[in-house]
Amino acid sequence: MTVSAPTSNDYLSHNWQGGHESLTQEYDYAITDIDGDIPVDLQGTLFRNGPGLLDVNGTPLQHPFDGDGMICAIRFHQGQAHFRNRFVRTEGYVAEQAAGKILYRGVFGTPKPGGLLANAFDINFKNIANTHVIYWADKLLALWEADQPYRLDPATLDTLGLENFSGLLKPGDPFSAHPRILPGATTAEDRLVNFAIKPGLSSTVKIFEFDRAGEVVHQRQFAIPGFAFIHDFTVTPNYYVFFQNPVTLNPIPFLFGLKGAGECISFNAQNPTKVWLLPRQSGQPQQLKTDACFVFHHANAYEADGQVIVDSICYDTFPSLESGVDFRNIDFDAVPPGKLWRFQMTPETATVEKQPLITRSCEFPTLNPAQVGQDYRYVYIGATDASVGNAPLQGILKRDLQTGEEQLWSAAPQGFMGEPVFIPKPNATQEDQGWVVAVVYDGDRNRSDVVILDAEQLEPGPIARLHLQHHIPYGLHGSFTPTVFAP
Ligand code: CO
C-alpha cells in the first residue's frame, strides 16, 4: 500500500497563533508528564533560544524577531529530564521591563510609542540576544548577529554580561548567530568558526576560528562589494562560503521613522545571487553567480572532485511581511515557500549548477555534527505537513541524499514544529544513528512538548514526548551539548 501525502495544509490558524503569545514566567522543574521513555544513553543539555516576549507590557511587537531572547535548557540525565527557562538580561530587556513600555525601535519594524517624532533618526537598537545559543569552551553564549553575544551561566542561565572574547570584539561589534563547528577530522581539532559582517556600500566580512580552549587561532578578513545581507554561511576544509542575496537597502523610510530597517530591504529578481568562495588559508575571494534567490540558512557544504557543494534553503524572493500587517494574521499563501537546493560550484570554471533536493516547504536544517563540512548522507529539516503549498512547519523530514528517499513525521493538525536538532548516539557507527529532538507547540492544549525521535526511523513518531507545564513561544535556533550541568 502506498500512503499518499496530504495535499492541503489542514491546520487552524487560531491554533497556530497561540504559539505567538509571550511567556513571561520563568520555570525550573523536573519534567514528569512523559509519554514513552527517554533513552538512558541520551545525556546532556539541549539549549534553545527565541523570542520569549511578543509584547512589552501589553503593547504587541510588530515582528516576532524583535522579541527579547529567552533561553530554555532541557537537561537529559539517566532517563529523566529537567526544564528551565530564563530571559537574557540584556540592557534593553532590563530597561524596558523596569519602564513597563517599549523604549527601543525593533529592527524588524516594531516602533516605539509616540509616532514618527519618537522614531525618526533613532538608530539606537537593543541587542535582544534572541537568535541562537551555543556552548563552547565552557561558555554559554546567546547570539544576535548585529551585536556582541551575551554570556550566561550554563547551569542557572543567569546572565553574566556581554562577551568580547578577550578584546576580540569591541562594544557594538557584530558577531553572527550562525557559527559552525568543523569537526576534528578535517582540521586536526574541532574548530568553532564564525563570521561578523558590517554591511555598507562595501561590506567587511571577518572570520574567526576558535579552538576547543576558546582561543582565536585563525582569522581572515575580506571586503565584499555592495550591500550584503548575510545571516548564515558554511565552511569546508578549504573555503568559507557566503551567499550574497540580490537585495538593496533603502534606509530613508527607516531614518524617517516610517519603517523598521528590516522592512527597507528590497529584492532585485533581475540581479544574480553572488556566491563567494573565500579561501580559508590564503588567496583571494572568488565570486560566482547563480539565479536570483534569497537564502537565510544553509544545511551543509563540502568539497568533492574539484567542486564545492552547498545545500541551502532558497526562497524565490525576500520573504518579508507586508508593512503594517500583524504577523499573527500572515497569509502563508502569499509568502514564498523555502525549498532545499543543491549548488555545485566549480571554482576552475567559475560555474554554478543547481538542482532541487526537497520541494516541500521547509526550514531549519540539521545533520549529524560529525559531517559538517564533509560529504554527508542525511539531512533533517522542519517541513510543512502537505507536500505542496506553504504553511507553518508541522513536521520533521529526513532525506537520504544518496537514494532520495524521504521520511516524514508530522505533528499536524494541532502541532507546530520548531527547529530539529540531531544528537548522535554514543558509539554510533552509522551517520543516522542518533536522535532528533525538537520543541513542538500543541495548539489544542496551548502547551509545548519536547519530542525525541529515533533518527533512523522518523515515521513511527516520537519515542518520548515530554509534556511541559506551559507553552514556549516559537523559537529560532538551539544546540545540544553532552555536558550535564549540575542542578
Ligand atoms: Co538563523
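Okay, so Asp 454 and Lys 425 make a salt bridge, with the closest N and O atoms 4.0 Å apart. Keep in mind that this is a predicted model. The two residues come from distant parts of the chain: Asp 454 sits in strand β33, residues 447-454, while Lys 425 is in the loop between β31 and β32, 29 residues apart. Buried or exposed, then, for Asp 454? Partly exposed, because its relative accessible area is 21%, and the cut-off for buried is under 20%. Lys 425 counts as partly exposed too, at 24% relative accessibility.

While we're on salt bridges, some of them share partners, and that joins Glu 26, Arg 86, Arg 89 and Asp 158 into one network. The count for the model comes to 23 salt bridges.

Let me pull out two more pairs. Lys 126 bridges to Asp 68, with 3.0 Å between the closest N and O atoms. Again we're linking distant parts of the chain: Lys 126 is in the loop between α3 (115-119) and β8 (132-136), and Asp 68 is in the loop between β5 (59-60) and β6 (69-77), 58 residues apart. Lys 126 and Asp 68 are both buried.

The other pair is Asp 432 with Lys 398, at 2.8 Å from N to O. Asp 432 lies in the loop between β31 (421-424) and β32 (434-442), and Lys 398 is in strand β28, residues 395-400, so this salt bridge ties together parts 34 residues apart in sequence. Asp 432 is buried, and Lys 398 is buried as well.

Right, on to the metal. Which residues hold the cobalt ion? Its protein donors are four histidines, His 178, His 231, His 297 and His 477, each through NE2, at 2.0 to 2.1 Å from the ion. If you like motifs, the spacing in sequence reads H-x52-H-x65-H-x179-H. Take His 178 and His 477: His 178 is in the loop between β11 (159-162) and β12 (180-182), and His 477 is in the loop between β34 (464-467) and β35 (478-481), so that pair links distant parts of the chain, 299 residues apart. His 178 is buried, with a relative accessible area of 9%, and His 477 is buried at 3%.

And why call the geometry irregular? The four donor atoms subtend angles of 92 to 159° around the cobalt ion, whereas tetrahedral would need all angles between 85 and 135 degrees. So the arrangement goes down as irregular.

Notes:
Residues numbered from 1 in each chain as written. Predicted model: local features only at pLDDT ≥ 70, side-chain atom pairs only at ≥ 80, totals over all residues. Heavy atoms only, no water. Donors = N, O, S within 2.8 Å, 3.2 Å for Na, K, Ca; no water. Tetrahedral: all angles 85-135°; square planar, octahedral: opposite > 155°, others 65-115°. Helix = DSSP H or I, 4+ residues; strand = E, 2+ residues; numbered from the N terminus. Buried < 20%, exposed > 50% of the residue type's maximum accessible area, 1.4 Å probe, protein only. Salt bridge = Lys/Arg side-chain N within 4 Å of Asp/Glu carboxyl O.
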